[in-house]
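Trainee: Could you take me closely through the surroundings of one residue, and then set that part against the rest of the chain?

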Amino acid sequence: MMHKVIANLGDKDPIIIETGHYAKLSDGAVVVRQGDTAVLVTAVVSEEPLQDIDFMPLSVDYREQSSAWGKIPGGFVKREGKPTDREVLVSRVIDRPIRPLFPEGFFHDVVITALTLSADDKYDPDVLAITGASAALHISRIPFEGPIAGLRVCRIEGKFVANPTYEERQKADLEIILAVSKDSIIMVEGGAKEVDEEVFANALYFGLEAGKELISAQEELREKVGVPKMSFEGIHLPQEIKDLMEEFCTERILKTFEIQDKRERKENTSAILREFIERHQIPEELHFKVGYHYKKLISKLMRQKVLNEGVRIDGRKPEEIRPISIEIKPFERPHGSAIFTRGQTQAFATVTLGSPHEAQLVESIYEGEVFKRFMLHYNFPPFSTGEAKPWGPPRRREIGHGALAERAIEPLIPPEEEFPYIIRIVSNILESNGSTSMATVCAGSLALFDAGVPIKKHVAGIAMGLIMEGERYVILSDILGDEDQLGDMDFKVAGTKDGITSVQMDIKIKGLKKEIMIESLMQAKRGRLYILEKMYEAIPEPRKELSPYAPRIEIITVPEEKAMLIIGPGGKTVKDIKEKTGTTVWVLEGGKVSLTAPSKSAIDAAKEIIENLIRDVEVGKVYEGKVTRVEPYGVFVEILPGKVGLLHVSKMEGYVKDVRAVFSVGDTLKVKVLEVDEQGRAKLTNMGLDDSRRSSAAERGTRNA
């Protein structure tokens, strides 16, 4: 039997959540609809827990199939392959808010699958999938401390709008995806065009209020069809062993907090655990449980030290930022490069400039095939954390961090009319101890300046943390990896000196007050401005000249109806231009023509050829042309590339009895255009043009006549 509930978001189409009709063998399955967009979300749990793991084994897969919006996939195979970057990113925004809401010690495999069944031209299925994942878990037997709601908030012409249409989103200067519970913001992902902190905070709490309808709808659905939650054991350790561990390890752990080096600190904390196990002869079957509770003890001590003493595990004060060093152009051949180091986090970014035909083709659910002219790719090799592992293909984390950094910088990228290059940033993390995505933003901005890309401002990023116990809290600037794992918030904020461009936030506690959120944003702003100051000291403005190794690109505009003349039959003309000048010609839409060459002189030579190709023949004008054909009644002269006129015998200078005796194919002569007929054919004369050149044989022929 099918059951459904309805939630309203302002003046938009209602959101409908249905269950009981599809995928009934799953532990929980719902279809979430808005307009003609519909997503099926299922939740399935394993019967037995995984052994000897200390993390929640959650898998989330979001899938979009072209059939959902009435299209056939591109490419040769004509079927969906590995997940696209968008599918990976949506999977992450579903995963991040629900992962902290499983109870501690629940280690059963949980698999969430979201499949877009239908997609219209109004509503994006991504936020519907977040709500769907929550609803499927909430009505199922799977323990889950929800529900939560997923929604998109945009600011359009100064007003906040929940779940705007695709068309409305094009006008927005702020766009964020939120996951909210009844009384708390759980997750934020999005970007803006340099908005201030107060506007951003207001957007968050607008979304928190708007999401309450979706929360109520899920509660209503559970009342109708919900089943009892399953029980689980968790990881229990005898209290006497926990007490013994706390007594033996506490002072030793506190001393490790004084160690600045991440690797040395980790080795020391591991040595303390080994010593405890050996000294107290802990049975082998309890080693995993002891290790699990040892990590909890480290977290507890770290949090107490921050709350009670205002001192962090590397000795910094809460608002203190690690030492920063910057290298500009450490290597010559990349078109732009920079290394940004903050503490033990180090990012090496390069900028590569390319021609328009090197843009990335992306299939969009609502725009179809689009070309992407700015790309940022983030790589996280295992050596950056000191791990002896092979470097595999990009994982979800790398795709997510790259998208976050790309979104931070993209609002500053100059328009194509101003800078016609395709721009690719690659960030390789060389050392990792927290906030590598924000280091990527900084390194990427510095590399753009080094490459001479005319962006008007630097962009910097900082990761904020939070330690909160009851009413007591401390906000941390520039968090370490350990502070991310053991703290209550990971809040990444990127922007310029004038406002926020990108955010990503995950909160592990309930009921974060608006005052704390605003305080976090203002502390992040102070940190960002400090980092920006260092960046401007290193390179205050973009270089005036591009790298000598970068291609030269110019885009010219020609009459659209003449673009085919530049291409030529079968592309012959553009090939000829490349052979003659070394310039690659790419004819774009709207009469735009892209010219790419190793030097400006090569581009100028190609421009001259193109200008001649599209130039109209003018009556009364004198041209120097070549004879292409000789007939008894006259000669045909190519006066412009592809444009041939007839010099009739009657219009030739002097009396010519035998045209063949006077003119030969290949002769160069000056002619004047008398008229152009309706078919575009020019009639020529060379009368009165004393410097017309003829062969000596031709001149003799005239005298003999």
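Mentor: Leaving aside residues up to four places away in sequence, Arg342 touches Ile321, Arg322, Pro323, Ile324, Ser435, Met438, Ala439, Cys442, Gly461, Asp478 and Ile531. The model is a predicted one, and in it Arg342 is found in strand β12, which covers residues 336-342. Because its relative accessible area is 0%, and the limit for a buried residue is under 20%, Arg342 counts as buried. The side chain of Arg342 also has a polar atom that lies 3.2 Å from the backbone oxygen of Gly461.

Some of these contacts lead to a helix and a sheet. Helix α10 (residues 436-451) lies across β18 (460-469) and β20 (489-496), and the helix runs at about 155° to β18. Strands β18 and β20 belong to an open sheet of eight strands, whose order is β8-β7-β9-β10-β21-β20-β18-β19 and whose pairing is antiparallel. At its edges are β8 (159-162) and β19 (472-477), each of which pairs on one side only. Direction ignored, neighbouring strands of this sheet are turned by 15° against each other on average. Within the order, strand β9 (residues 172-180) and strand β10 (residues 185-195) run antiparallel and are joined by seven bridges, and Val180 has Ile185 in β10 as its bridge partner.

The domain assignment places these elements in a wider frame, since it is from this assignment that the bounds are taken: domain 1 (3-225), domain 2 (239-309), domain 3 (324-538), domain 4 (552-614) and domain 5 (621-685). Between the C-alpha centres of domain 1 and domain 5 there are 73 Å.

Towards the start of the chain, strand β3 (residues 28-34) has six of its seven residues buried, so this strand is largely enclosed by the rest of the structure. Strand β2 (residues 15-19) pairs with β3 in the antiparallel sense over four bridges, with Ile15 standing opposite Gln34 of β3. Strand β4 (residues 37-49) likewise pairs with β3 in the antiparallel sense, here over seven bridges, and the bridge partner of Gln34 in β4 is Thr37. The hairpin of β3 and β4 has two residues between the strands, and Gly35 takes a positive phi near 60° there.

A loop residue offers another view of burial. Pro103 has its place in the loop between α1 (85-98) and β6 (108-118), and it counts as buried because its relative accessibility is 15%. Apart from neighbours within four places in sequence, Pro103 is in contact with Pro143, Phe144, Glu145 and Phe232. Of these partners, Phe232 is 129 residues from Pro103 in sequence, while the two lie 9.8 Å apart in space, C-alpha to C-alpha.

Finally, there is a helix pair to consider: the axes of helix α14 (residues 572-581) and helix α15 (residues 600-614) come within 9 Å and cross at roughly 145°, and the crossing in which α14 passes α15 is right-handed. The contact is made on the α14 side by Thr573, Ile577, Lys580 and Thr581, and on the α15 side by Ala602, Ala605, Ala606, Ile609, Ile610 and Leu613.

Technical notes: Residues numbered from 1 in each chain as written. Predicted model: local features only at pLDDT ≥ 70, side-chain atom pairs only at ≥ 80, totals over all residues. Heavy atoms only, no water. Buried < 20%, exposed > 50% of the residue type's maximum accessible area, 1.4 Å probe, protein only. Polar contact = N/O pair within 3.5 Å; in protein donor to acceptor, adjacent residues only side chain to side chain. Contact = heavy atoms within 4.5 Å. Pairing = 2+ DSSP bridges. Axes fitted to C-alpha atoms, helices over the stretch in contact; angles between N-to-C directions. Left-handed = near helix turned anticlockwise from the far one by under 90°.
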